[in-house]
Amino acid sequence: MPDQLRIAVPNKGQLSEPAGAMLHEAGYRQRKDSRDLVLVDPENGTEFFFLRPRDIAVYVGEGILQAGITGRDMLLDSGAAVEEVLPLGFGGSTFRFAARGGAGMKVEDLAGKRIATSFAGLLKGYLAERGVDARVIHLDGAVESAIQLGVADAVADVVSTGTTLRNAGLEIFGDPILESEAVVIRQEGAGDDPKIEQLLRRLRGVLVARDYVMMDYDVHAERLDDAVALTPGMEGPTVSPLHREGWVAVRAMVPRRTAQAIMDDLWEIGARAILVTDIYACRL
Ligand SMILES: Nc1ncnc2c1ncn2[C@@H]1O[C@H](COP(=O)(O)OP(=O)(O)OP(=O)(O)O)[C@@H](O)[C@H]1O
Ligand SMILES: O=P(O)(O)OC[C@H]1O[C@H](OP(=O)(O)OP(=O)(O)O)[C@H](O)[C@@H]1O
Ligand SMILES: [Mg+2]
């Protein structure tokens, strides 16, 4: 079926489960068995290919698959002809330098040193941009052992909580090399594709449904302007008359993160019957 949309999804690792969950929330079928390599979703005219996150940019860059989900760090490391089209808000990490604890190493000290990493392309690009002449030692993983074992003087690695580096007796130094998260990628310069646009609209809908809640409340009409200032909504809140004289009902989307604080403020201006509900899905 030539007009099927073909999408690459991480088959394992940190991005696999959250990527599957997000696609599921966006209305796509997801695999039941984590060993499945392909999943056909005929209702949505889409095929999902489960691949190593590191390889996804290659498949998309070669034009074999029309879009993929991978980490921004992996996309930049690959050097493939792909572009980021939508950040997805999970798989967040930073890519950082680290050295032996107490060594007090600085980025300027890296000249002439050996730096171990699994992201050689990304690191070489960063060093070249800053004119730092260091030797990059490319390892497949477990980079945090490289200093202890004497193969490198510093490492550049993925950091989330920092526990892995700390446990290896290493200390972060310098500014973050990169802030990464899971992203949707497409081939560079690929033209408009209505099926991709639909996928992106669905995923944006999931992001909004995760980040926002629906708030309903009643307030005296005299305080409506103050209330609207607290809950401006997307295009302005819906305001409906209430049977009770002088009162109105208001409905607006608000950020989930600040919902409790907004309820406190609404209460202060006399709003009552304040209700918050989840948004199951949306298209803005
Ligand atoms: N602890 C973490 N927390 C959040 N995101 C992470 C973490 N570790 C890695 N990532 C991100 O997840 C993406 C994929 O990394 P992952 O570690 O799953 O792949 P990998 O290292 O190639 O696979 P494996 O760990 O199975 O060898 C990268 O973009 C990375 O930034
Ligand atoms: O800062 P932290 O919270 O400790 O997380 C960072 C670690 O997580 C990832 O490892 P992963 O579990 O993917 O194992 P890997 O080394 O096999 O990639 C990454 O490669 C770091 O080593
Ligand atoms: Mg890993």
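Two strands are taken to pair if DSSP finds at least two bridges between them. The legends below describe close-up views of a predicted model.

**Figure 1. The open six-stranded sheet of the predicted model.** The strands follow the order S2-S3-S1-S4-S11-S5, and their pairing is mixed. At the edges lie strand S2 (38-41) and strand S5 (82-87), each of which pairs on one side only. From one strand to the next, the twist averages 30 degrees.

**Figure 2. Pairing of strands S4 and S11, with helix H1 packed on the sheet.** Strand S4 (residues 67-71) and strand S11 (residues 182-187) run antiparallel and are joined by four bridges. Within this pairing, Gly68 stands opposite Ile185 in S11. Helix H1 (residues 16-25) touches strand S1 (5-10) as well as S4 and S11. The direction of helix H1 makes about 145 degrees with that of S1.

**Figure 3. The surroundings of ligand 1.** Ligand 1 is surrounded by 16 residues, of which the closest are Gly13, Gln14, Gly71, Ser93 and Ser160. Helix H2 (53-61) and helix H3 (72-78) are the elements that give two or more residues to this shell. By class, the shell around ligand 1 holds nine polar, four nonpolar and three charged residues. Both domains take part: at least three residues come from domain 1 (5-91 + 181-191), and at least three from domain 2 (93-180).

**Figure 4. The surroundings of ligand 2.** The shell around ligand 2 includes Gly13 and Gln14, together with Gly141 and Ala142. Its other residues are Asp157, Val158, Val159, Ser160, Thr161, Gly162, Thr163 and Thr164. Strand S9 (154-159) and helix H5 (163-167) are the elements that give two or more residues to the shell around ligand 2. The largest share, three residues, comes from S9. Eight residues of this shell are polar, three are nonpolar and one is charged. Gly13, Gln14 and Ser160 belong to the shell around ligand 2 and are also among the closest residues to ligand 1.

**Figure 5. The region annotated in UniProt as a catalytic domain.** An unreviewed UniProt entry lists residues 52-205 as "domain: ATP phosphoribosyltransferase catalytic". Over residues 52-205, helix makes up 29% of the chain and strand 32%. The end C-alpha atoms of this stretch are 26 Å apart.

Methods: Residues are numbered from 1 along each chain as its sequence is written. Chains are lettered from A and ligands numbered from 1 in the order in which they are written. This is a predicted model: local features need pLDDT of at least 70, side-chain atom pairs count only at pLDDT 80 or more; totals for chains, interfaces and linings use all residues. A residue is near a molecule or strand if its C-beta atom, placed from the backbone, lies within 6 Å of it. Ala, Val, Leu, Ile, Met, Phe, Trp, Tyr, Cys and Pro count as nonpolar, Asp, Glu, Lys and Arg as charged, and the others, Gly among them, as polar. UniProt positions are given in the numbering used here, feature names are shortened, and annotations may be inferred rather than shown by experiment. Domain bounds come from an automatic or database domain assignment. Axes are lines fitted to C-alpha atoms, for helices over the stretch in contact, and angles run from 0 to 180 degrees between N-to-C directions. Two residues are in contact if their C-beta atoms, placed from the backbone, lie within 7 Å.
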